[in-house]
Amino acid sequence: MTDNKPVIEVRALYKIFGARTSEAKKMADAGSARPEILKKTGCVPAVVDASFSVHKRETFVIMGLSGSGKSTLLRLLNRLIEPTYGEVYVDGGDISGLNRDALREVRRKKFSMVFQHFGLLPHRNVLENVGFGLEIQGMGEEARREKSMQAVQVVGLDGYENSAVNELSGGMQQRVGLARALATDPEILLMDEAFSALDPLIRNQMQDELIELQARLHKTVVFITHDLDEALKLGDRIAIMKDGRIDQIGTPEGILTEPATDYVRAFVENVDRSKVLTAASVMKKTPTVSTHKDGPHQAVRNMEHENHSSIFVVDQDRKFLGLVTIDDAVKESKKGGRSLDSIIRGEIPTVEMNTVLRDVVPLASGSNLPIPVLKEDGTLAGIVTRAALLSALSAEGDAA
Amino acid sequence: MISIPLGHYFELIITWMTDNWSVFFKGVENTVESLIDFFEMIFFLPHPYLMIAVFAGLAWWATGWRKYGLALFTVIGYLLIMGMGLWERTMQTLALVLVATFIALLVGVPVGIWSGRRDSVERVVRPILDFMQTMPAFVYLIPAVFFFSIGKVPGAVATVVFAMPPCVRLTTLGLKQVPHDVLEASDAFGCTPMQQLFKVQLPMALPSILAGVNQTIMLALSMVVIAALIGAGGLGAQVVRGVQQLRLGLGFESGIAIVVLAMYLDRITHALGSKSARKQKG
């Protein structure tokens, strides 16, 4: 999903509001908290020592509560807010040194932005709003119309292109905002709480559509949210911010399973883990028998050794075939059979490595057997037991 | 007890300006005078019936073709004015009001834009506007006479000073009411300051600016009578004569003519304003 070239690289970025910034920076570096710094220097450190990189085609989510500095951090990326210290590299070039004209050019060509309250122009219709970025770049009317129409279609607003934007619902208005951002075909989409003002149902729908769009368009997305569920759903990687500092950067699973600070831990406690954790994160190794070398007798011995009443069967490439029960194996072995082929039960439910636990649960509740987890090539990676499932889904239990 | 002869200093300044800036004032006088003459010519030349038809047509267009109330009112109102024998004086007043409004907008809108975009400018402009609005209107007449002697021009200039503040204020207000995220969006897409002004701020401030235009016209009309004291002519002169000679009927008639003119201009600018507001509200 990502490749290694960073599109955005942020190094030791600070935004300190106030006059005595160097003093405030020293205090922040020494670990002082915001109220203390404000009291002593009169400065508010909105973003402190942020360093991260965003890779091409990645959806990078910055998550934090209000006042955590996440929106400020986003605006430092395209210098809507000027950084106090530190550098921002976009495609390898430092943008903090650019003059106004060069910066404007970067904003026109590389970035697009989607806003929480849409930021649409009420005196223009949908199509004119979508074409705004192109118009600013000086594109002619014909070409602009065509490109805007394409963007309108991408977000599913065809038929509404001549509507006044104020006649549209919130969700539709944000589609206009998204289309406006996509129309200029930017490399990077900055989305500032883009779905936070929408109804939960619409929000969910827009999230799904963003994921779908992203699968087609492969933009580099920096998404701001205060909603952890949204972060976990959309993000390839997530940065969690608190009081201007980044507490942890990691994949959704990494953050759930290995929270780096107490703050992050407290945060992820209430998350619906079943939507995020995958079968791979809770699976265990399991003994197997292999058709090319093991017969019924060996299968019985293995089962007795493990104290199980069944065992999974693979072929010589570890491709998953099914399972044999101890009853069948004993019978076959008494009959003198030497092969397992005739007693393999193939019709058992399996899951893939990246199946989320929510989809594993119904399978587990339908049978007493552990669920086999297969790799993409059909080989057996491990199993998910009910016990592992339960402990992973309970908030305290660290996943297997 | 200290004494501060502020009025004396003011006199000195005005006298000095009259003596030294006479070329400038002469230029202003000529420009304003020819503007007023030009408008009077336009209003006088056609037959009154033709002008009434034009005014009514304008009203019809402004309110939208479905509504004809304002157009009807225009016809009746102006016929009344004609019937009272005040047509010429009404057109003189209209010309004066339009020229004063035109100049007030020419200065007021840019100043309003400037102070809407820069807080530092607004801090300077606001007290000046307060001064212009609260200083009794009669007081403007004195320096106006010094600079331009008596007649239409000082009347127009005094009217401009009196009528400009709402135009500046409402332009500034309109610009400031543009939501922050819209401005941020235009910045994020790489607008130049001029693009931001003309594609975002001014279109969104237009209803407020038009409200300012309306207010300016109304104030200009209300100044007409006062300006007549220094010979601005028109309906105001009739009112003044009515007062001075205690001619009840004359005063009433010219008063009615002013009311008709005021209602006509108010309704038309109001209709234009709500036209642009409708476009935005959807």
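# Notebook: domains, strands and cores

**Entry 1, the domains.** I began with the division of chain A, which consists of domain 1 (6-110 + 186-271) and domain 2 (280-393). I keep in mind throughout that this is a predicted model. I then looked up the spacing of the two parts, and the C-alpha centres of domain 1 of chain A and domain 2 of chain A are 44 Å apart.

**Entry 2, strand β8 of chain A.** I turned next to strand β8 (residues 220-225) of chain A and asked how many of its residues are buried. I found that six of its six residues are buried, so that I noted the strand as mostly covered. Looking at its two faces separately, I listed Thr220(A), Val222(A) and Ile224(A) on one side and Val221(A), Phe223(A) and Thr225(A) on the other, all of them buried.

**Entry 3, the neighbours of β8(A).** I followed the pairing of this strand and found that strand β3 (residues 59-63) of chain A runs parallel to β8(A) and is joined to it by five bridges. Within this pairing, Phe60(A) has Val222(A) as its bridge partner. I also found strand β7 (residues 188-192) of chain A paired with β8(A), again over five bridges and in the parallel sense, with Leu190(A) standing opposite Val222(A). Tracing the chain from β7(A), I passed through helix α9 (residues 200-217) of chain A before reaching β8(A), and I recorded this β-α-β crossover as right-handed. As a reminder to myself, strands of a sheet pair through backbone hydrogen bonds, either parallel or antiparallel.

**Entry 4, Val222(A) and the cores.** Which residues does Val222(A) touch, if I leave out those up to four places away in sequence? I listed Val54(A), Phe60(A), Ile62(A), Leu74(A), Leu77(A), Ile188(A), Leu190(A) and Met191(A). I then looked up the largest nonpolar core, which has 173 residues, and Val222(A) is named among those with the most contacts inside it, together with Ala179(A), Val384(A), Ala100(B) and Val224(B). Helix α10 (residues 193-228) of chain B gives the largest share of this core, 18 residues, while domain 1 (6-110 + 186-271) and domain 2 (280-393) of chain A each contribute at least three residues to the core. Apart from this core I noted another, of 16 residues, including Phe312(A), Val324(A), Ala329(A) and Leu340(A).

**Entry 5, helix α3 of chain A.** Since Leu74(A) and Leu77(A) had appeared in the list for Val222(A), I looked up helix α3 (residues 70-77) of chain A, and eight of its eight residues are buried. They include not only leucines such as Leu73(A) and Leu76(A) but also Lys70(A) and Arg75(A). Just after α3(A), I noted that Arg79(A) takes a positive phi of about 60°.

**Entry 6, a second sheet.** I then examined an open sheet of three strands in chain A, with the order β14-β15-β16 and mixed pairing. Why does one side of β14 (351-352) and of β16 (380-384) of chain A lack a neighbour in the sheet? Each stands at an edge with a single partner strand, so one side of each is left without a neighbour there. Strand β15 (residues 371-374) of chain A runs antiparallel to β16(A), joined by four bridges, and Leu374(A) has Leu380(A) as its bridge partner.

**Entry 7, where the chains meet.** Finally I looked up the contact between the chains, in which 19 residues of chain A meet 18 residues of chain B. On the chain A side, α4 (100-109), β6 (111-114) and α6 (132-136) each supply at least two residues, and the residues of that side divide into nine nonpolar, six polar and four charged.

Methods:
Residues are numbered from 1 along each chain as its sequence is written. Chains are lettered from A and ligands numbered from 1 in the order in which they are written. This is a predicted model: local features need pLDDT of at least 70, side-chain atom pairs count only at pLDDT 80 or more; totals for chains, interfaces and linings use all residues. Two residues are in contact if their C-beta atoms, placed from the backbone, lie within 7 Å. Ala, Val, Leu, Ile, Met, Phe, Trp, Tyr, Cys and Pro count as nonpolar, Asp, Glu, Lys and Arg as charged, and the others, Gly among them, as polar. A nonpolar core is a set of buried Ala, Val, Leu, Ile, Met, Phe, Trp, Tyr and Cys residues joined through C-beta atoms within 7 Å. A residue is buried if 20 or more other C-beta atoms lie within 10 Å of its own, exposed if 12 or fewer, and partly exposed in between; C-beta atoms are placed from the backbone. Domain bounds come from an automatic or database domain assignment. Two strands pair if DSSP finds at least two bridges between them. A crossover is right-handed if, with the strands pointing away from the viewer, the path from the first strand over the helix to the second runs clockwise.
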